[in-house]
Amino acid sequence: MWAEESVFYQIYPLGFTGAPFENDGKEVSRIRKVLDWLPHFERLGINAIYFSPVFESDTHGYNTRDYRKIDVRLGTNEDFKEVCRQLHEHGIRVVLDGVFNHVGRGFGPFQDVLKNRQSSPYTGWFYRIAFDGDSPYHDGLWYEGWEGNYDLVKLNLRNEEVVRYLLESVDYWIDEFDIDGLRLDVAYSLDEDFVRRLRNHCDGRKADFFLLGEMLHGDYNRLVNDGMLHSATNYECYKGLFSSFNSMNMFEINHSLLRQFGPENWTLYKGKHMLSFVDNHDVTRVASILSDKNHLPLIYALMFGMPGIPCVYYGSEWGCPGEKGQGDQALRPCFEKPEWTNLTDFIAKLTEAKKHSKALNWGDFKSVLLTNRQCIFERKTEGERVLVAINAEGSDFMAHFDAGCGKAVDLITGCEHDFGGGSLLPAYSAFFWKCEV
């Protein structure tokens, strides 16, 4: 599938375009700003964009009002259709946020329930409505809000009318915008039969339609399998990545990678491509979470080198800070234009290396050398072998290990490397050595 050989880029459109937080009902064609960034996307080398919510909502996008209408704060359906068309012309796939677990209080059927109560034809659309209770909004009825958030009204995904409405909405997105996939919000909370229905439906609509699930914990195989999702967000390795650098303990991320993708028969996700990331719209940006800023390029090198589909969050490619403690809006800012720094340039080189290496996309994982501050691991497939080397220490390190070959070429710099007498890893360095086979 195309996604397994792609580098993703995440945009949170409402923040990216500087839209007001509250839906003011004023139609402004802000989403076309994405087209101004096309040269940046091409230079960076990304070939898929995951858009966080774009459909009409109450505030932040995840409280949907209308699944078939682009949020007026972003523009019109025609605006977004043109954005998708031009992205496709530039070889960039489009993945949308599928928010199917819950809706906003402004969702039409829920408004009908509030107005008509038991006589509403939509009472069965929502999970566990009780007309003898009340909500924090004092509606005179109780309903389940997702994880206690009553601005997020939980949908009843066992209701055939709801399922049909959502699947027809996906049809609309494919027909209108020609999207290439979906990232399922809070996939871990979704009804599993619904996920199976969605997969079967999408398989019948568009070849290679990609389904990615947001999963925070547990066994990803519960939803990532031949009958459900293709991939999931790899939160286990997200935590291991920054923690390994901040604690100067490379054993942590190595343990996760061996558990997930290692050579043993019991590993969990061998052959699967989880979405790898160092930050996103829900967590502190990596530039703010790393203790040593010299580790910024190294954490990206490790993320691009490990098994998975790398995803870069807009603004983080040039080291934008952002603290979760300052609120979600601090993580989702509007930039007047993209920046290009040494970090951006380095990530662009990683992108090119990843896109053109069979081993980095499909290779097995094996640990080769491991200390608290250094790690070297192998990605190997038939016909290609790449050694990923990281030195997180502020001093040079002489690595003595069996490289299995005499010479290599670094896919990041293009420089040749001779393994004779050991390999010097300069302070704060990363290499993708493509070995002679």
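Buried means under 20% relative accessible area, and exposed means over 50%. The exercises below use a predicted model.

**Exercise 1. Strand S18 and its partners**

Task: Work out which residues of strand S18 (residues 407-410) lie on the covered face, and which on the uncovered one. Then find the bridge partners of valine 409 in S19 and in S21.

Solution:
- Step 1. Sort the faces. Ala408 and Asp410 form the covered face of S18, while Lys407 and Val409 form the uncovered one.
- Step 2. Take strand S19 (residues 416-418). S18 and S19 run antiparallel and are joined by three bridges. Valine 409 has glutamate 416 as its bridge partner in S19.
- Step 3. Look at the link. Five residues separate S18 and S19 in a hairpin, and glycine 414 in the turn has a positive phi of about 85°.
- Step 4. Take strand S21 (residues 429-435). S21 also pairs with S18 in the antiparallel sense, over three bridges. Here the bridge partner of valine 409 is lysine 434.

**Exercise 2. Helix H4 against helix H6**

Task: Describe how helix H4 (residues 77-89) and helix H6 (residues 160-177) cross. Then say which residues make the contact.

Solution:
- Step 1. Choose the descriptors. Two packed helices are described by the angle between their axes and the distance between the axes.
- Step 2. Read them off. The axes of H4 and H6 come within 9 Å and cross at roughly 65°.
- Step 3. List the contact. H4 supplies Asn77, Glu78, Phe80, Lys81, Cys84 and His88, and H6 supplies Tyr172, Glu176 and Phe177.
- Step 4. Class the residues. Four are nonpolar, two polar and three charged.

**Exercise 3. An aromatic pair between the helices**

Task: Classify the ring pair of phenylalanine 80 and phenylalanine 177. Then explain why the pair ties together parts that are 97 residues apart in sequence.

Solution:
- Step 1. Set the context. The structure holds 38 aromatic pairs.
- Step 2. Take this pair. The ring centres of phenylalanine 80 and phenylalanine 177 are 5.1 Å apart, with 70° between the planes.
- Step 3. Apply the cut-off. Planes over 60 degrees apart count as edge-to-face, and this pair is edge-to-face.
- Step 4. Place the rings. Phenylalanine 80 lies in H4 and phenylalanine 177 in H6, so the pair links parts 97 residues apart in sequence.
- Step 5. Check burial. Phenylalanine 80 has a relative accessible area of 0% and is buried. Phenylalanine 177 counts as buried at 2% relative accessibility.

**Exercise 4. The setting of histidine 281**

Task: Locate histidine 281. Decide whether histidine 281 is buried or exposed, and find what its side chain joins by a polar contact.

Solution:
- Step 1. Locate the residue. Histidine 281 is in the loop between strand S12 (275-277) and helix H10 (286-289).
- Step 2. Judge burial. Its relative accessible area is 2%, so histidine 281 is buried.
- Step 3. Find the polar partner. The side chains of histidine 281 and tyrosine 62 are joined by a polar contact of 3.0 Å.
- Step 4. Add neighbours. Beyond four places in sequence, histidine 281 touches residues including Gln10, Tyr12, Arg183 and Arg332.

**Exercise 5. Proline 109 and helix H11**

Task: Place proline 109 and name its contacts. Then state how many residues of helix H11 (residues 296-305) are buried.

Solution:
- Step 1. Place the proline. Proline 109 is in helix H5 (residues 108-116). Its relative accessible area is 12%, so proline 109 is buried.
- Step 2. Name the contacts. Outside four places in sequence, proline 109 contacts Tyr122, Trp125 and Phe126.
- Step 3. Turn to H11. Nine of its 10 residues are buried, among them Leu296, Tyr300 and Phe304.

How values were computed: Residues numbered from 1 in each chain as written. Predicted model: local features only at pLDDT ≥ 70, side-chain atom pairs only at ≥ 80, totals over all residues. Heavy atoms only, no water. Helix = DSSP H or I, 4+ residues; strand = E, 2+ residues; numbered from the N terminus. Buried < 20%, exposed > 50% of the residue type's maximum accessible area, 1.4 Å probe, protein only. Polar contact = N/O pair within 3.5 Å; in protein donor to acceptor, adjacent residues only side chain to side chain. Contact = heavy atoms within 4.5 Å. Axes fitted to C-alpha atoms, helices over the stretch in contact; angles between N-to-C directions. Nonpolar A, V, L, I, M, F, W, Y, C, P; charged D, E, K, R; others polar. Pairing = 2+ DSSP bridges. Phe/Tyr/Trp six-rings, centres within 6.5 Å; stacked < 30°, edge-to-face > 60°.
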